[in-house]
Amino acid sequence: MVQSWNPAGIRHAFALLWQPRLALPHMVVQDLRDIDFAQLAQAGVRGMAFDKDNCLTRPYEDHLAPELEEAWRKCRTTFPDRVLIVSNSAGTDDDVGHQQARRIEEALGVPVLLHHEKKPAGVDALAQQFAAIGIRSNEIAVVGDRLLTDVVYGHRAGALTILTRRVLGTHGDNWAAKQLRRLEHRWLDWVWPGAGLYPRAARTAAAAARRRRRLDPLPHPILRRLCKASA
Ligand SMILES: [Mg+2]
(Lines give C-alpha, C1' and ligand atoms only; values in the text may rest on other atoms or scores of the structure.)
Protein backbone atom coordinates (compact mmCIF):
# COMPACT_ATOMS: atom_id res chain seq x y z
CA MET A 1 0.00 0.00 0.00
CA VAL A 2 1.34 3.41 -0.94
CA GLN A 3 1.35 6.29 1.53
CA SER A 4 -1.10 8.95 0.48
CA TRP A 5 -1.19 12.72 0.90
CA ASN A 6 0.22 13.97 4.20
CA PRO A 7 -0.94 17.57 4.85
CA ALA A 8 0.44 17.48 8.40
CA GLY A 9 3.89 16.84 6.97
CA ILE A 10 3.68 19.98 4.84
CA ARG A 11 2.29 22.09 7.70
CA HIS A 12 5.05 21.00 10.07
CA ALA A 13 7.71 21.54 7.40
CA PHE A 14 6.93 25.26 7.60
CA ALA A 15 7.47 25.21 11.37
CA LEU A 16 11.04 24.13 10.64
CA LEU A 17 11.77 27.55 9.17
CA TRP A 18 11.56 28.87 12.73
CA GLN A 19 12.98 25.86 14.50
CA PRO A 20 15.15 23.78 12.13
CA ARG A 21 16.57 21.80 15.06
CA LEU A 22 13.29 19.87 15.12
CA ALA A 23 14.56 18.02 12.06
CA LEU A 24 18.00 17.32 13.51
CA PRO A 25 18.26 13.84 15.04
CA HIS A 26 20.03 13.23 18.32
CA MET A 27 21.93 10.39 16.69
CA VAL A 28 22.69 9.13 13.22
CA VAL A 29 23.32 5.45 12.50
CA GLN A 30 23.61 3.52 9.26
CA ASP A 31 20.93 1.05 10.29
CA LEU A 32 19.67 -0.91 13.30
CA ARG A 33 22.90 -2.88 13.56
CA ASP A 34 24.72 0.24 14.78
CA ILE A 35 22.37 0.82 17.69
CA ASP A 36 23.65 -0.37 21.07
CA PHE A 37 20.29 -1.20 22.65
CA ALA A 38 21.82 -2.19 25.99
CA GLN A 39 23.55 1.18 26.18
CA LEU A 40 20.31 2.99 25.38
CA ALA A 41 18.54 1.08 28.16
CA GLN A 42 21.33 1.90 30.58
CA ALA A 43 21.04 5.61 29.68
CA GLY A 44 17.32 5.62 30.49
CA VAL A 45 15.48 4.57 27.33
CA ARG A 46 12.55 2.32 28.34
CA GLY A 47 10.55 2.05 25.11
CA MET A 48 11.39 1.95 21.40
CA ALA A 49 9.21 3.24 18.54
CA PHE A 50 10.22 2.35 14.99
CA ASP A 51 9.23 3.61 11.61
CA LYS A 52 8.67 0.69 9.22
CA ASP A 53 9.53 1.48 5.58
CA ASN A 54 13.26 1.73 4.98
CA CYS A 55 13.96 1.42 8.68
CA LEU A 56 12.88 -2.17 9.40
CA THR A 57 11.61 -3.38 6.04
CA ARG A 58 12.20 -2.51 2.40
CA PRO A 59 9.50 -0.09 1.20
CA TYR A 60 5.99 -1.53 1.38
CA GLU A 61 7.15 -5.00 2.34
CA ASP A 62 5.80 -6.66 5.46
CA HIS A 63 8.83 -8.67 6.57
CA LEU A 64 12.02 -7.50 8.25
CA ALA A 65 15.05 -6.89 6.03
CA PRO A 66 17.02 -10.14 6.59
CA GLU A 67 20.27 -8.36 7.45
CA LEU A 68 18.56 -6.74 10.46
CA GLU A 69 17.30 -9.93 12.09
CA GLU A 70 19.99 -10.19 14.77
CA ALA A 71 19.72 -6.50 15.71
CA TRP A 72 15.94 -6.77 15.86
CA ARG A 73 16.20 -9.77 18.16
CA LYS A 74 18.56 -7.84 20.45
CA CYS A 75 16.17 -4.89 20.52
CA ARG A 76 13.19 -7.03 21.46
CA THR A 77 15.19 -8.86 24.12
CA THR A 78 16.38 -5.59 25.64
CA PHE A 79 12.93 -3.98 25.56
CA PRO A 80 10.48 -6.89 25.96
CA ASP A 81 6.90 -5.80 25.20
CA ARG A 82 8.08 -2.21 24.91
CA VAL A 83 8.66 -1.98 21.15
CA LEU A 84 6.14 -0.36 18.84
CA ILE A 85 5.93 0.31 15.11
CA VAL A 86 4.62 3.70 13.99
CA SER A 87 4.09 3.73 10.24
CA ASN A 88 2.56 6.30 7.91
CA SER A 89 0.96 3.47 5.97
CA ALA A 90 0.17 0.48 8.21
CA GLY A 91 -2.17 1.30 11.09
CA THR A 92 -3.38 4.59 9.59
CA ASP A 93 -6.80 5.30 8.08
CA ASP A 94 -5.30 4.37 4.68
CA ASP A 95 -4.85 0.82 5.94
CA VAL A 96 -8.36 -0.48 5.35
CA GLY A 97 -9.47 -2.75 8.17
CA HIS A 98 -5.92 -2.48 9.53
CA GLN A 99 -5.07 -5.57 7.56
CA GLN A 100 -1.54 -4.45 6.83
CA ALA A 101 -0.98 -3.63 10.50
CA ARG A 102 -2.00 -7.17 11.42
CA ARG A 103 0.31 -8.72 8.81
CA ILE A 104 3.23 -6.67 10.08
CA GLU A 105 2.50 -7.50 13.71
CA GLU A 106 2.62 -11.16 12.77
CA ALA A 107 5.79 -10.82 10.72
CA LEU A 108 7.73 -8.62 13.13
CA GLY A 109 6.29 -9.81 16.43
CA VAL A 110 5.50 -6.35 17.87
CA PRO A 111 2.39 -4.15 17.86
CA VAL A 112 1.69 -1.52 15.22
CA LEU A 113 0.26 1.77 16.51
CA LEU A 114 -3.24 2.44 15.20
CA HIS A 115 -3.46 6.17 14.58
CA HIS A 116 -5.45 8.71 12.58
CA GLU A 117 -2.86 11.45 12.12
CA LYS A 118 0.29 10.75 10.16
CA LYS A 119 3.79 11.58 11.38
CA PRO A 120 4.95 14.20 12.23
CA ALA A 121 1.47 14.85 13.67
CA GLY A 122 -0.34 12.57 16.10
CA VAL A 123 2.17 12.33 18.92
CA ASP A 124 -0.65 11.92 21.45
CA ALA A 125 -1.39 8.41 20.17
CA LEU A 126 2.25 7.44 20.77
CA ALA A 127 2.30 8.99 24.24
CA GLN A 128 -0.92 7.24 25.23
CA GLN A 129 0.26 3.84 24.02
CA PHE A 130 3.42 4.03 26.14
CA ALA A 131 1.73 5.75 29.09
CA ALA A 132 -0.52 2.69 29.35
CA ILE A 133 2.56 0.66 30.31
CA GLY A 134 4.03 3.34 32.55
CA ILE A 135 6.54 4.84 30.11
CA ARG A 136 6.86 8.60 29.67
CA SER A 137 7.48 10.15 26.26
CA ASN A 138 10.95 11.32 27.23
CA GLU A 139 11.87 7.69 27.95
CA ILE A 140 11.10 6.61 24.37
CA ALA A 141 13.55 6.47 21.48
CA VAL A 142 12.01 7.08 18.04
CA VAL A 143 13.93 5.49 15.16
CA GLY A 144 13.27 6.23 11.49
CA ASP A 145 14.82 7.03 8.12
CA ARG A 146 13.19 10.41 7.50
CA LEU A 147 13.95 13.78 9.05
CA LEU A 148 10.70 15.54 8.15
CA THR A 149 8.45 12.79 9.43
CA ASP A 150 10.18 10.47 11.93
CA VAL A 151 12.67 12.87 13.52
CA VAL A 152 10.27 15.81 13.77
CA TYR A 153 7.66 13.44 15.20
CA GLY A 154 10.10 12.15 17.81
CA HIS A 155 11.09 15.65 18.88
CA ARG A 156 7.48 16.77 19.07
CA ALA A 157 6.84 13.85 21.42
CA GLY A 158 9.88 14.76 23.53
CA ALA A 159 11.61 11.48 22.67
CA LEU A 160 15.21 10.67 21.84
CA THR A 161 15.51 10.63 18.04
CA ILE A 162 17.66 8.30 15.95
CA LEU A 163 18.01 8.55 12.17
CA THR A 164 18.84 5.46 10.12
CA ARG A 165 20.85 6.69 7.19
CA ARG A 166 21.20 3.61 4.97
CA VAL A 167 18.36 3.22 2.50
CA LEU A 168 17.24 -0.42 2.67
CA GLY A 169 15.68 -0.33 -0.78
CA THR A 170 14.11 2.03 -3.26
CA HIS A 171 12.04 -0.45 -5.27
CA GLY A 172 8.40 0.51 -4.82
CA ASP A 173 9.23 3.66 -2.86
CA ASN A 174 7.35 6.67 -4.13
CA TRP A 175 9.10 9.39 -6.12
CA ALA A 176 8.40 12.21 -3.65
CA ALA A 177 9.75 10.22 -0.69
CA LYS A 178 12.97 9.45 -2.56
CA GLN A 179 13.53 13.09 -3.54
CA LEU A 180 12.73 14.39 -0.07
CA ARG A 181 15.06 11.89 1.57
CA ARG A 182 17.86 12.96 -0.76
CA LEU A 183 17.29 16.62 0.18
CA GLU A 184 17.14 15.73 3.88
CA HIS A 185 20.50 13.91 3.67
CA ARG A 186 22.07 16.86 1.87
CA TRP A 187 20.78 19.25 4.51
CA LEU A 188 22.08 16.99 7.29
CA ASP A 189 25.52 16.83 5.64
CA TRP A 190 25.54 20.62 5.40
CA VAL A 191 24.51 21.16 9.02
CA TRP A 192 26.72 18.41 10.44
CA PRO A 193 29.69 18.33 8.07
CA GLY A 194 31.79 15.25 8.60
CA ALA A 195 29.79 14.14 11.62
CA GLY A 196 30.53 10.51 12.36
CA LEU A 197 28.07 7.93 13.41
CA TYR A 198 26.57 7.46 16.84
CA PRO A 199 27.74 7.83 19.54
CA ARG A 200 30.43 10.13 18.22
CA ALA A 201 27.91 11.97 16.06
CA ALA A 202 26.39 13.95 18.87
CA ARG A 203 29.73 15.16 20.13
CA THR A 204 31.28 15.94 16.76
CA ALA A 205 28.07 17.57 15.63
CA ALA A 206 27.99 19.82 18.65
CA ALA A 207 31.62 20.82 18.10
CA ALA A 208 31.10 21.37 14.38
CA ALA A 209 28.01 23.43 15.06
CA ARG A 210 29.86 25.72 17.43
CA ARG A 211 32.69 26.18 14.96
CA ARG A 212 30.42 26.89 12.02
CA ARG A 213 27.62 28.57 13.94
CA ARG A 214 25.24 25.98 12.68
CA LEU A 215 22.97 23.77 14.72
CA ASP A 216 23.31 21.80 17.91
CA PRO A 217 20.92 18.91 18.47
CA LEU A 218 18.00 19.70 20.76
CA PRO A 219 18.94 18.92 24.35
CA HIS A 220 17.76 15.63 25.82
CA PRO A 221 18.71 14.12 29.19
CA ILE A 222 19.33 10.68 27.67
CA LEU A 223 21.62 12.12 25.00
CA ARG A 224 23.59 13.86 27.74
CA ARG A 225 24.01 10.57 29.59
CA LEU A 226 25.06 8.75 26.43
CA CYS A 227 27.63 11.39 25.57
CA LYS A 228 28.99 11.26 29.10
CA ALA A 229 29.19 7.45 28.99
CA SER A 230 31.07 7.46 25.68
CA ALA A 231 33.35 10.41 26.46
MG1 LIG B 1 10.47 5.27 6.51
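**A walk through the sheet and the helix packed against it**

Read from one end of the sequence to the other, the chain follows the pattern α-β-α-β-α-β-α-α-β-α-β-α-α-α. Please keep in mind that this is a predicted model. Counting up the elements gives nine helices and five strands. Of the 231 residues, 42% count as buried. If you take the contacts between residues at least 6 apart in sequence, 69% of them join residues at least 24 apart.

Let us start with the strands. They form an open sheet of five strands in the order 1-5-4-2-3, with parallel pairing. Strand 1 and strand 3 (83-85) are the edge strands, each pairing on one side only. From one strand to the next, the twist averages 20°. As general background, strands of a sheet pair through backbone hydrogen bonds, either parallel or antiparallel.

Strand 5 (residues 160-164) is a good place to look next. On one side, strand 5 runs parallel to strand 1, and three bridges join the two; here Val28 stands opposite Leu163. Strand 5 also runs parallel to strand 4 (residues 140-144), this time with four bridges, and Val143 has Ile162 as its bridge partner. How many of the residues of strand 5 are buried? Five of its five are, so to speak, under cover. Both faces of the strand take part: Leu160, Ile162 and Thr164 are buried on one side, and Thr161 and Leu163 are buried on the other.

Now follow the chain between these two neighbours. Strand 4, helix 6 and strand 5 make a right-handed β-α-β unit. Helix 6 covers residues 147-157, and because 11 of its 11 residues are buried, this helix is largely enclosed by the rest of the structure. The buried residues of helix 6 include nonpolar ones such as Leu147, Leu148, Val151 and Val152, but also Asp150, His155 and Arg156. What covers them? The elements that cover the buried residues of helix 6 include helix 1 (7-15), helix 5 (123-131), strand 4, strand 5 and helix 7 (175-191). After the helix comes Gly158, whose phi is positive, near 85°.

The next stop is the largest nonpolar core, which has 50 residues. Ala49, Ala141, Val142 and Ile162 are the residues with the most contacts inside this core. Helix 6 supplies the largest share of the core, six residues. Ala49 shows how such contacts reach across the sequence: leaving out residues up to four places away, Ala49 touches Leu84, Val86, Leu126, Ile140 and Val142.

Finally, have a look at Asp31, which lies in the loop between strand 1 (27-29) and helix 2 (37-43). Is Asp31 buried or exposed? Asp31 counts as buried because it has 20 C-beta neighbours inside 10 Å, and 20 is also the number at which a residue begins to count as buried. Beyond its neighbours within four places in sequence, Asp31 is in contact with Leu68, Thr164 and Arg166. One of these partners, Thr164, is among the buried residues of strand 5. Val143, the partner of Ile162 in the bridging of strands 4 and 5, is 112 residues from Asp31 in sequence, yet the two C-alpha atoms are 9.6 Å apart in space.

Terms used
Residues numbered from 1 in each chain as written. Predicted model: local features only at pLDDT ≥ 70, side-chain atom pairs only at ≥ 80, totals over all residues. Buried ≥ 20, exposed ≤ 12 C-beta atoms within 10 Å, placed from the backbone. Contact = placed C-beta atoms within 7 Å. Core = buried A, V, L, I, M, F, W, Y, C linked by C-beta atoms within 7 Å. Pairing = 2+ DSSP bridges. Right-handed = clockwise from strand over helix to strand, strands pointing away. Axes fitted to C-alpha atoms, helices over the stretch in contact; angles between N-to-C directions.
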